[in-house]
Amino acid sequence: MERKIEFSTDEYYHVYNRGADKRIIFTNNGDRDRFLKLLFLCNGTEAIRMNRTGRGFPLANEVNRGNRLVSIGAYTLMPNHFHLLLKELDEGGISRFMLKLTTAYSMYFNKKYEHSGVLFQGAFKAEHIDNDRYLEYIFSYIHLNIIKLIQPDWKERGILDINGAQKNLTTYPYSSYVDYLGSNRKEGAILNKEDFQEYHKTGEEMNADLLDWLSYSKDQ
């Protein structure tokens with residue numbers, strides 16, 4: 001299927017995709033860890049060399065990725081889909097990055113689970129973020145996705161357990177939200193915060209911003 005959007009350098013995009021027929025694409029934490037590793041390794045002009053990265057998360061100074069293709073501002077992994085906030089750095093950067101990422105993960109998944117056929121639901125989807133307000137919304141939207149893991153109908157009913165929702169947001173390791181709260185984990189190397197300066201906030205400010213979104217939804 002031909003994608004209707006055209007990418008431009010120095011512009012921001014919400015990029016996402018899900019499993020074909022809404023199938024689960026992250027079966028366990030090992031799958032999620034692999035995808036995070038690929039988010040880092042695939043963001044470069046050099047070929048991926050998984051055998052040189054060891055079992056843990058690769059350190060930035062140990063891997064030659066070449067020049068970055070995109071800047072990554074946020075991400076969240078859900079059982080059957082993922083969300084990314086990307087900035088294109090060079091012409092064709094997003095398309096090349098996504099091709100490397102989804103191809104590498106599909107090869108891993110198909111081999112591990114002896115799966116045949118396509119893993120993802122066609123070409124990845126993308127939305128152009130053309131103003132600051134929309135950028136702020138997408139940043140929150142991507143991170144708030146994980147609330148569905150504890151309350152699938154929160155958008156319709158409002159948050160029933162605000163404290164539980166906040167705990168989930170601040171402890172879920174497969175979202176970039178924790179990296180904006182001052183965490184020093186190695187996975188923080190996935191992000192390129194220098195291109196998302198408006199989100200360099202304290203942990204208290206970050207939690208306050210998302211609490212506003214949660215409270216707003218609850219009042220609807």
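**Exercise 1. Two aspartates with a positive phi**

Where is Asp-21 found? Once you have placed it, compare its backbone and its exposure with those of Asp-10.

*Solution.* Keep in mind as you work that this is a predicted model.

Step 1: Find the residue. Asp-21 sits in the loop between β1 and α1.

Step 2: Look at the backbone. Asp-21 is not a glycine, and yet its phi is positive, about 55°.

Step 3: Decide on exposure. A residue counts as exposed over 50% relative accessible area. Asp-21 reaches 78% relative accessibility, so it is exposed.

Step 4: Turn to Asp-10. This residue lies in the segment before β1, which spans 12-18. Asp-10 also has a positive phi, about 65°, without being a glycine. Its relative accessibility is 48%, so Asp-10 counts as partly exposed.

**Exercise 2. Reading the fold**

Work out how many helices and strands the protein has, and in which pattern they follow each other.

*Solution.*

Step 1: Count the elements. You should find six helices and four strands.

Step 2: Walk along the sequence. The pattern reads β-α-β-β-α-β-α-α-α-α.

Step 3: Add the overall picture. The protein has 220 residues, and 46% of them are buried. About 11,500 Å² is exposed, with carbon and sulfur atoms supplying 47% of that area.

Step 4: Ask how the chain meets itself. Take the contacts with a separation of 6 or more: 69% of them join residues 24 or more positions apart.

**Exercise 3. A pair of packed helices**

Describe how α1 and α2 pack, and say which kinds of residue make the contact.

*Solution.*

Step 1: Recall what you need. Two packed helices are described by the angle between their axes and the distance between the axes.

Step 2: Read off both values. Helix α1 covers residues 29-41 and helix α2 covers residues 93-113; their angle is about 150° and their axes are 10 Å apart.

Step 3: Interpret the angle. Angles over 145 degrees count as roughly antiparallel, and therefore α1 and α2 are roughly antiparallel to each other.

Step 4: Add the handedness. The crossing of α1 past α2 is right-handed.

Step 5: List some partners. From α1, the contact residues include Phe-35, Leu-38 and Leu-39. On the α2 side, Phe-97, Leu-101 and Tyr-105 are among them.

Step 6: Sort the contact residues by type. Eleven are nonpolar, one is polar and four are charged.

**Exercise 4. Far in sequence, how far in space?**

For Lys-186, Glu-6 and Ser-140, find where each one sits, how exposed it is, and a partner from another part of the chain.

*Solution.*

Step 1: Start with Lys-186. You will find it in the loop between α5 (162-171) and α6 (203-218). With a relative accessible area of 48%, Lys-186 is partly exposed. Lys-186 and Phe-57 are 129 residues apart in sequence, but their C-alpha atoms are 6.6 Å apart.

Step 2: Move to Glu-6. It belongs to the segment before β1 and, at 71% relative accessibility, counts as exposed. Its C-alpha atom is separated by 9.7 Å from that of Glu-127, which lies 121 residues away along the chain.

Step 3: Finish with Ser-140. This residue is in helix α3, residues 132-144. The cut-off for buried is under 20%, so Ser-140, at 4% relative accessibility, is buried. Setting aside neighbours within four places in sequence, Ser-140 is in contact with Leu-210 and Trp-213.

Methods
Residues are numbered from 1 along each chain as its sequence is written. This is a predicted model: local features need pLDDT of at least 70, side-chain atom pairs count only at pLDDT 80 or more; totals for chains, interfaces and linings use all residues. Side-chain values use heavy atoms; hydrogens and water are left out. Axes are lines fitted to C-alpha atoms, for helices over the stretch in contact, and angles run from 0 to 180 degrees between N-to-C directions. Angles under 35 degrees count as roughly parallel, over 145 as roughly antiparallel, 65 to 115 as roughly perpendicular and the rest as oblique. A crossing is left-handed if the near helix is turned anticlockwise from the far one by less than a right angle, and right-handed if clockwise. Contact means heavy atoms within 4.5 Å. Ala, Val, Leu, Ile, Met, Phe, Trp, Tyr, Cys and Pro count as nonpolar, Asp, Glu, Lys and Arg as charged, and the others, Gly among them, as polar. Buried means under 20% relative accessible area, exposed over 50%, partly exposed in between (1.4 Å probe, protein chains only). Accessible areas come from the Shrake-Rupley method with a 1.4 Å probe; for residues, only the protein chains shown count as cover.
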